[in-house]
Amino acid sequence: MNKVRVFLLLLAGFFFAAVLPAQTTICLDFDELQAGTVYSPANGYEPGDLVFNEQNVAVSVDEFFLSNGNTAFGMTSVLNVPLNFPPPIAGGLGLFPNNMNLVFDFSGVQGAMLGVGFAYQDAGGTENLSVNGGDMFILSSLTQLPTAVAPGVTAQVVPYPGLIPPVGGVFLTGPVETLTVGGQQLALDNFCYQIEEANADCVISELSATPLDCNPDNGYSVLVDFLHENGSGAGFEVVVNGQGYGAFSYDDLPVTIGTFPGDGTSSYEIHVIDLANPDCSAVAEFGPVECISAPCHIFEVGADATDCVDGQFYAILYFQYENVGSEGFNVHGNGVNYGNFEYANVPITIGPLDGDGTTIYEFVVQDNLHPDCQNFTVIGPVDCGTGGPCDIFDLVVDTGDCNPDGNGYNITINFQVENPGNDFFEVFYDGQNIGFFPISELPVTIENFQDNGEPVVHINVCINDHPDCCQVAEFVSPCPAGGDCHIFDLGADATDCVDGQFYVTLYFQYENVGSEGFKVLGNGVNYGNFEYANVPITIGPLEGDGTTVYEFVVQDNQHPDCHDFTVIGQIDCGGGGDCQIFEVGADATDCVDGQFYAILYLQYENVGGEGFNVHGNGVNYGNFEYANVPITIGPLEGDGTTIYEFVVQDNQHPDCHDFTVIGPIDCGGGGDCDIFELVVEPGECNGEGQYPLFINFQYENAGNDFFEVFYDGQNLGLFPLAELPITLEDFEDNGEAVVHINICINDQPDCCQIAEFESPCPGGGDCHIFDLVADVTDCEDGQFYVFLNFQYENVGGEGFNVHGNGVNYGNFEYGNLPITIGPLDGNGSTEYEFGVSDLLHPDCGDAISIPAVDCPDGGNVWPGDANSDNIANNLDLLNLGIAFGAIGPTRNNPSILWDGWPSQDWVETFPSGVNFKHADCDGTGSVDGGDIEAIELNYNETHGTPEPVDYSTVRKTIPRCLPTCPTRNCKPAIRSRSRSCSAR
């Protein structure tokens, strides 16, 4: 058997020759990680940080030990493994530690550990390896690893013959608990560990594959669930029609896979297989599923008010809908979220609402799966202060013949009424008031009435100043229809900024609109009424604050359901957009006495006025002015091993930064490396988004015989210089119009050239952001954070924006997902909304909301809640009696307004453990009669969830005497009921 075959068998899991036959091999291939991810200090990672967990193995980053006795903490990249890493030794993604160690923790593995093996490529430099926290071996090659590496653990290193750079496998036999490994130019893949199998038989049964609701792209996911016994700790994999859909832990059940096309024809066979016991499996079928492609539509939204009771009323909300989502709809308005409802329950009841005679209630109906699918209506003002309920009945509307010109007809109105409250009534049509009449003149005739062309006309008759006392009559129009009103193709353009403000030009198309013009609404502002003849129109001036997204709704004045909307923003009139630092690069000067300087250059836009900072390799090189770019850093040691990192960071905008690297620079060697006359030419597109790519160039002082090709942060391969020119077959770009290819001499990151060309293949399709997930952290000091993550396709190159609840949380890079939003107040009442939208494609986004989070207040004092049970009531008087006369620190903000006020702890505490500071309701530093006023003012107010009352405990803690009225300012309205309360 040749060496290659032996090596492949070893890496496949047969290298543990002296172990029991009942064994399981489980491998980490890293293919579930995000390509291009970098774990480095520049991205916020510190030694000991956990970076991912795969197959029950936790992987963290740690310091690297250099051969000179020092330590470093560089970076680890997730990239495609080099092309000379032969399959099946490796494939897909691998880990590339550079002056960094990776720590693999096997403590989460279920079963007796028998050994660990992994594949490596060593392109030079120093390597580290340690087992079970023992001796750290600092090696110039992994082949120098001794046989005994830890108590009970032996090592074997098997090189793969004939490959440059060297490739091989490391195999550790014995109870490996932790493995630390890293290097300077090291590539790692396929970490496999072997455990002893369980003796009991594995059983998978009752497998179900349930198709879920269709998504907006006419696809669907599948919920997979089953029963299992004696499954291995390695988990299970899901295979559909021969294609793998991932590996999972049994603890993850049920799991969701997909998506699958909802074409109405495709059927699927699903296999669930235990990773350690292939014979332990089950099979099921699902599909076909047909998804509806028609758009979601909510229309004809209306609301009726019920009769008043004790000054309040309810709103009966009704509407029509088509192609809506399966998760129901939400109703909100006037800053209030009325909750989620099922379509099957329409009409729904909202309330009770205050009939104050002034408030106009807005109701926005929004589909929970399709946020852009919404509509609204209004009701009121409703006045519940009148006498008996007003009632209109026996309403009759008779129509005359259509006028000869077809533009109108007479209508006669008659009805009965009880308790009108005044002597007049009004007639409304299509949202417009078409008449004001005395009730005594009934019946009344309106001549030359003109409808909106719809076949059925609805007339609303209301008693004057009683919008809840109305009746609607409908009749068939005697005049032919004029067509539906349409407003469409609405767009908005922003003018240049002047003094921090700008104007917006609105333009749109329209058909069959009313004769009374249209209005423009948005962001809670009514911008006024306009004539269609004046389109396009100008709105403004508007504040260019760089954060507000302006909404514009164009609505026909006669046909409220006839509208369209658009958005624009954020417009920054102060700095011209977000701060950006890009195209950072560094050139090395000639060496002098073993040292060199780095010439640092960069491009920038919208940066701050306080310059920038440069740091890297744990060194702060200082602050600089943008006007002085390029700048010189140094002198630096040209030791031939150090890779110097330079992070350029704006001093006013810490999130605005970029970085580059240079080296290693060997000041003992020859002349500078140089690539010139670079030619990169694409071939024709093959119709599947791929094309050949021709590469050729000249070079000097390469220092070695290889070069590398990089695209979009990925290494496309290592090639011999002697084989130039080369052609990359079936190259596939990311869909952008202009493609940038970077060519670098191997191990010479400062010896590179970039070529650009226009892609011969069209773009990558429509932008999609989907599967948005929001995870809530634990509370701390009354606040919490939210982790946002989502999937995306064909997004723009400028990142995305997150906004919600009227707050712009900022712009982010897709490469930084998941992101953290916060801190947010966990007040127990706010339902937080998060909308994600692509910066280049505003219509490309997704939204999610989280229920109200109730966090402890972190010791804050709520005036009137003296016993800190989240409610102000009579029980708080007990704590006032116990603490009466106590003195402690005064609050910085004395107040009895209902809010959580930060306060310093006092020395004393109540028997319940609550600090005495909560009894100092007004924050004056003493518990006295003035604190009773806070209980009166805030009686029955709550924050969070009130604690249940244990009245047996209450009786035990009631003081003999509640506070008397020691001063004139004391309010004796709340007194003790004790019959024998006397001073002692």
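Let's start with an open sheet of four strands, laid out in the order 42-41-44-45 with antiparallel pairing. Keep in mind as you look around that this is a predicted model. At the edges of the sheet sit strand 42 (525-530) and strand 45 (563-568), each of which pairs on one side only. Going from one strand to the next, the twist averages 20 degrees. To see one of the pairings up close, go to strand 41 (residues 518-522), which is joined to strand 42 in the antiparallel sense over five bridges. If you want a single residue pair to click on, take Lys519, whose bridge partner in strand 42 is Asn529. As a bit of background, strands of a sheet pair through backbone hydrogen bonds, either parallel or antiparallel.

Further along the chain there is an open sheet of three strands, with the order 46-47-50 and again antiparallel pairing. Here the edge strands are strand 46 (580-588) and strand 50 (631-637), and each pairs on one side only. The twist in this sheet averages 25 degrees from one strand to the next. Strand 46 and strand 47 (residues 595-605) run antiparallel and are held by seven bridges. Gln580 has Glu605 of strand 47 as its bridge partner.

Now for a hairpin. Strand 62 (residues 800-804) and strand 63 (residues 807-812) run antiparallel, with five bridges between them. One residue pair to look for is His803 with its bridge partner Asn808 in strand 63. Two residues lie between the strands, and in this hairpin Asn805 takes a positive phi near 55 degrees.

Next, the packing. Which residues have the most contacts inside the largest nonpolar core? They are Phe104, Phe106, Leu179, Phe191 and Tyr193, in a core of 46 residues. Strand 17 (residues 186-196) gives the most to this core, contributing five residues. Phe104 is a good place to zoom in: leaving aside residues up to four places away in sequence, its contacts include Phe30, Val57, Leu95, Leu179 and Phe191. There is also a second, separate core of 26 residues, with Tyr268, Cys280, Ala284 and Phe286 among them. In soluble globular proteins, nonpolar side chains tend to be buried together.

Toward the other end of the numbering, have a look at helix 3 (930-937). Its buried residues are Asp931, Ile932, Ala934 and Ile935. Why are these residues on the same side of helix 3? Because they cover an arc of only 150 degrees around the axis. The general pattern helps here: an α-helix has 3.6 residues a turn, so residues three or four places apart point the same way. As for what covers the buried residues of helix 3, helix 2 is part of it.

Finally, charges. How many salt bridges does the structure hold? Just one, formed by the side chains of Lys917 and Asp905 at 2.7 Å, N to O. Both residues lie in the loop between helix 2 (876-883) and helix 3, 12 residues apart. The two partners sit in unlike surroundings: Lys917 counts as buried because its relative accessibility is 5%, under the 20% cut-off, whereas Asp905, at 48%, counts as partly exposed. More generally, side chains of opposite charge can pair when their charged atoms come close.

Methods: Residues are numbered from 1 along each chain as its sequence is written. This is a predicted model: local features need pLDDT of at least 70, side-chain atom pairs count only at pLDDT 80 or more; totals for chains, interfaces and linings use all residues. Side-chain values use heavy atoms; hydrogens and water are left out. Two strands pair if DSSP finds at least two bridges between them. A salt bridge is a side-chain nitrogen of Lys or Arg within 4 Å of a carboxyl oxygen of Asp or Glu. Buried means under 20% relative accessible area, exposed over 50%, partly exposed in between (1.4 Å probe, protein chains only). The arc is that of the directions from the helix axis to the C-beta atoms. Contact means heavy atoms within 4.5 Å. A nonpolar core is a set of buried Ala, Val, Leu, Ile, Met, Phe, Trp, Tyr and Cys residues joined through side-chain atoms within 4.5 Å. Axes are lines fitted to C-alpha atoms, for helices over the stretch in contact, and angles run from 0 to 180 degrees between N-to-C directions.
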